[in-house]
Amino acid sequence: MHDLQSFLVQYMSDYPEDVVRVTEALPRDYQVTALAMATEQMAEPPVIVCDAVEAAGMPVVTNLFASRVRIARILGTTVEALHDHWAARSKHLIPPVEVSEGVCQEVCRLGDDADATQLPFMVHFEQDAGRYLTSGVVAARDPDTGAVNLSFARMQLKGPRRFGISVHSRGHLWDYQRRAEARGRPLDVAVVVGMHPIYMIAAASRMPMGVDEQEVAGALLGHPLEVVRGVTVDVPVPAAAEIVLEGRIEPNVREPEGPFGEYTGYATARSTNNVFTLTAITHRRQPWFLDVCPGHSRDHLLLGRIHKEAEVLRKLREVLPNVKAIHYPVSGTHYHCYISIAKQRPGDARHCALLALGLDAYIKLVVVVDDDVDVHNEAEVMWALATRVQPAEDVFIVHGVTCNVLDPSSYDGVSSKMGIDATRPAGWDAQRTSLPREVVLRAHDLLRSHRNRLQ
Ligand SMILES: Cc1cc2nc3c(=O)[nH]c(=O)nc-3n(C[C@H](O)[C@H](O)[C@H](O)COP(=O)(O)O)c2cc1C
């Protein structure tokens, strides 16, 4: 079965060095976030499993997506091949299959018996308005076509059967809700809490309207996702999910939601202020609880990254086949993008920067470098900025462009955007220093053997 628990048990056995299991009793609020945030400076932050979070009654997992190496392992590939892997797999979407029963409905709580305050939602940051669900995948049907969409939305616990929900990224869920609301109807949704990480990665992707992200999950799994129908809503949920919250987003109801510590590193009350009312909680007999560490954390930022980088790269290459690599660095939240190119014409770098700005409204700064610069090494990109850029000629700014509303420096969802051509201009005659390859290899060997002797 492709589920969260089996995945983690297998992963702990295959990569024990990449898992921290905390058996000590932990307070419910802040501590799980603090554990995840304390790993931020590590080269490869581990997944964290907390066995004894106060009043949780189940293991609490965080930081699952905080490492590119782990994401590559989850997808069955390597870090270097991640973008190609995504591009190849997503060409062959695999529809889900409906099955008659699933472990996600071993326990069904309906009506007054469904009490969300019993679940281990926690306060993450000191500025948060309350307890939040951060890992919920919202499954919903297009009110016109019935096509299923998956997306993430932060949910603030407000009572046993009431949550605030924000769909500020204005993706397909936002569009579905607005169309349902225009007819005075609620939007039925099922919120999946804890599932195999491939399902989560697929849910974080932004496919064209009408493409069912469950089919992306199937493509990445290599076989159809098994789904069951919700018990109170006509929405499919993975049969192997840990916990499912069924309910509806109410039409024409808005209530303050937030502030909440977002991926920008700031707490924000910028929200669509929607309201979700609960009709059922279903779960496995012994579920595990998955938290995605919010705030400026790799867990949150990397979850949707691979798809975004792969898609922007694919689209750039349709126009400029000489684009080599792309990287959204964690330091830039979702707003900075580094691209390398084997420049063929003097205007290629600016052309590439303009395309990237047009393809992804989140990007505020694009830096285009030559292909001798590793875009995954931020120090190298900064070195290219320092040594190949003449600001008066190589920087351009475009005013008044749509952006992500959570950028605290933006107003009304509009921002100016910047492109920097950090490639060598024509006639460049400065030579990079280098060393003979065999000498470099020898140096690494020598250092390795001396380090071993010291240990
Ligand atoms: C961990 C995580 C949390 C997110 N939280 C929110 C949120 O609270 N509200 C929102 O509108 N988008 C949020 N997003 C972004 C959307 O879920 C994401 O862009 C999604 O792919 C949109 O898909 P759609 O266009 O198919 O609906 C979040 C993404 C991730 C990875």
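What span should the 15 residues of helix α9 (residues 305-319) have at 1.5 Å a residue, and how far apart are its end C-alpha atoms? The figures below show a predicted model, in which local features need pLDDT of at least 70, side-chain atom pairs count only at pLDDT 80 or more, and totals for chains, interfaces and linings use all residues. Residues are numbered from 1 along each chain as its sequence is written.

**Figure 1. Helix α9 and the elements around its buried residues.** The expected span, 1.5 Å times one less than the number of residues, is 21 Å, and the end C-alpha atoms lie 22 Å apart, which agrees. Helices (H or I, at least four residues) and strands (E, at least two) are DSSP runs, numbered from the N terminus. The buried residues of α9 include Arg-305, Ile-306, Leu-313 and Leu-316, where buried means that 20 or more other C-beta atoms, placed from the backbone, lie within 10 Å of the residue's own. Among the elements that the buried residues of α9 pack against (C-beta atoms within 7 Å) are α3 (68-75), α8 and α10 (348-359).

**Figure 2. Strand β11 (residues 187-193) and its pairing.** Seven of the seven residues of β11 are buried; Leu-187, Val-189, Val-191 and Val-193 point one way, whereas Asp-188, Ala-190 and Val-192 point the other way. Strand β11 runs antiparallel to β7 (residues 137-141), with four bridges, and antiparallel to β14 (residues 243-249), with seven bridges, where pairing requires at least two DSSP bridges. Val-189 stands opposite Ala-140 and also opposite Gly-247 in β14.

Conventions: Buried ≥ 20, exposed ≤ 12 C-beta atoms within 10 Å, placed from the backbone. Contact = placed C-beta atoms within 7 Å.
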